Amino acid sequence: MEETPVLTEVRDGYRVVTLNRPQRLNAFTEAMHKALRRALEEAEIDRSCRALLLTGAGRGFCAGQDLSDRMVAPGAELPKVGGAIEDYYNPLVRKLRGLPFPVIAAVNGVAAGAGANVALACDIVLAARSASFLQAFAKIGLIPDSGGTWFLPRLVGAARARGLALLAEPLPAEKAESWGLIWKAVDDAALMGEAEKLCAQLAAGPTHGLALIKRALDAAETNGLDQQLDLECALQREAGASPDYGEGVRAFMEKRPAKFTGRRGA
Ligand code: T3D
């Protein structure tokens, strides 16, 4: 019997969402896609959820598309690959980028194919030292999807992006950190502790302001400086109207830790 493909744990201020098909290194099936979508939607509408941690069960983070769903006999009609991209992978990446709070990936093991790029779609990526990132697509005749061709050159530059995509060789976590692909590689045993600590810290932050930071940085990928300055002005007005701005300044002046509510202004 198939296990629950995605697990959610509700913590104080954040949720831990775990991909849970460990015997297949958490490869995506339609059921896992649907369960993950539900988990993210539930987190989004929960006003008390102010950060999210995405990780994998077992020794892998996620091995991308479950290829046993794709195997056909020689000469038989191939599965329609574009459908899954349109129906599941693209909406997933858009959802992760658009969540109004920080999303942390705790990459506990290999992240391959779409699994690697789903991790890269998160705001902060922590990885266990034994983990690796693999743009596996070229090995099976596909191209990096789930935002891979967009994230890679922006994060590591054109030369390394091409090498990773064309050679499909695993990039160990420490090298991923030194290349700027991820935030940090940490000792395996420390991964979940560090990720949860970071999540709790972000969940106690000025959530609406953090959402506006995400929005500004995403827009900067395509804006020119003039446009970006205008956007910063508009978003700063919005951030400056939030109760957390008032609290942040008061706390600074009173030399005490701020107590943010995460609420947006009126
Ligand atoms: O089709 C569409 O809709 C388009 C969308 C595409 C998105 C994509 O993600 S395409 C890319 C798909 N993913 C891959 O090509 C990666 C395939 N996996 C691997 O290359 C390797 O498994 C890893 C490098 C990730 C890990 O290697 P290793 O040696 O640590 O583990 P393993 O022995 O290969 O895997 C463990 C088990 O998981 C194994 O099953 P078994 O033999 O114990 O019964 C293996 O078959 C299974 N597994 C791993 N990845 C997948 C998988 N089963 C189905 N699909 C997988 N993607």
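# Exercises on a ligand shell, two helices and some loop residues

A nitrogen atom of the ligand lies 2.8 Å from a polar backbone atom of Leu67. The model used in these exercises is a predicted one.

**Exercise 1. Describe the surroundings of the ligand: its polar pairs, its buried area and the make-up of its shell.**

Step 1. Start with the polar pairs. Besides the pair with Leu67, an oxygen atom of the ligand is 2.9 Å from a polar backbone atom of Ala114. A polar side-chain atom of Arg59 is also placed 2.9 Å from an oxygen atom of the ligand. The cut-off for a polar contact is 3.5 Å between N or O atoms.

Step 2. Turn to the area. The ligand taken alone exposes 1000 Å², and the protein buries 67% of that.

Step 3. Assign the shell to secondary structure. Two or more residues each are given to the shell by helix H2 (81-98) and strand E6 (110-112). H2 contributes the most, with four residues.

Step 4. List the closest residues and the classes. There are 24 residues around the ligand, and Ala63, Gln65, Leu67, Arg70 and Ala114 come nearest. By class, the shell divides into 15 nonpolar, four polar and five charged residues.

**Exercise 2. Determine which side of helix H5 is buried, and against what the buried residues pack.**

Step 1. Sort the residues of H5 (residues 158-167) by accessibility. The buried ones are Ala161, Leu164 and Ala165.

Step 2. Check their directions. These residues lie on the same side of H5, because they cover an arc of only 90° around the axis. An α-helix has 3.6 residues a turn, so residues three or four places apart point the same way.

Step 3. Look at the other side. Ala159, Arg162, Leu166 and Leu167 are exposed there.

Step 4. Find the partners. The buried residues of H5 pack against helix H4 (148-156) and strand E9 (171-172).

Step 5. Inspect the end of the helix. Ala168, just after H5, has a positive phi of about 50°.

**Exercise 3. Repeat the analysis for helix H4.**

Step 1. The buried residues in H4 are Gly148, Phe151, Leu152 and Val156.

Step 2. Their arc around the axis is only 100°, so they are on the same side of H4.

Step 3. The packing partners of these buried residues are H2, helix H3 (114-120) and H5. H2 is also the element that gives the most residues to the shell around the ligand.

Step 4. After H4 comes Gly157, with a positive phi near 90°.

**Exercise 4. Locate Ala138 and Gly147, classify their accessibility and relate each to a residue far along the chain.**

Step 1. Ala138 is in the loop between strand E8 (132-134) and H4. Gly147 is also placed in the loop between E8 and H4.

Step 2. Ala138 is partly exposed because its relative accessibility is 37%, between the limits of 20% and 50%. Gly147, with a relative accessible area of 24%, is likewise partly exposed.

Step 3. Leaving out neighbours within four places in sequence, Ala138 is in contact with Ala165, Leu166 and Ala168. Of these, Ala165 is among the buried residues of H5, whereas Leu166 is exposed on the other side of H5.

Step 4. Ala138 and Glu169 are 31 residues apart in sequence, with 9.8 Å from C-alpha to C-alpha. Gly147 and Ala114 are 33 residues apart along the chain, and their C-alpha atoms are separated by 8.6 Å. Ala114 has the polar backbone atom that is 2.9 Å from an oxygen atom of the ligand.

**Exercise 5. Find the residues between E2 and H1 with a positive phi, and give the accessibility of Asn26.**

Step 1. Most residues other than glycine have a negative phi.

Step 2. Leu25 is not a glycine, yet its phi is positive, about 50°. Asn26 has a positive phi near 60°.

Step 3. Leu25 belongs to the loop between strand E2 (15-19) and helix H1 (30-45). Asn26 is placed in the loop between E2 and H1.

Step 4. Asn26 counts as buried because its relative accessibility is 0%, and the limit for buried is under 20%.

**Exercise 6. Characterise the environment of Gln228.**

Step 1. Gln228 is part of helix H9 (residues 225-240).

Step 2. With a relative accessible area of 10%, Gln228 is buried.

Step 3. Not counting residues up to four places away in sequence, Gln228 touches Ala216, Ala219, Ala220 and Asn223.

Step 4. The side chains of Gln228 and Asn223 make a polar contact at 2.9 Å.

Definitions and conventions: Residues numbered from 1 in each chain as written. Predicted model: local features only at pLDDT ≥ 70, side-chain atom pairs only at ≥ 80, totals over all residues. Heavy atoms only, no water. Near = heavy atom within 4 Å. Polar contact = N/O pair within 3.5 Å; in protein donor to acceptor, adjacent residues only side chain to side chain. Areas by Shrake-Rupley, 256 points an atom, 1.4 Å probe, with all protein chains shown as cover. Nonpolar A, V, L, I, M, F, W, Y, C, P; charged D, E, K, R; others polar. Buried < 20%, exposed > 50% of the residue type's maximum accessible area, 1.4 Å probe, protein only. Arc of directions from axis to C-beta. Contact = heavy atoms within 4.5 Å.
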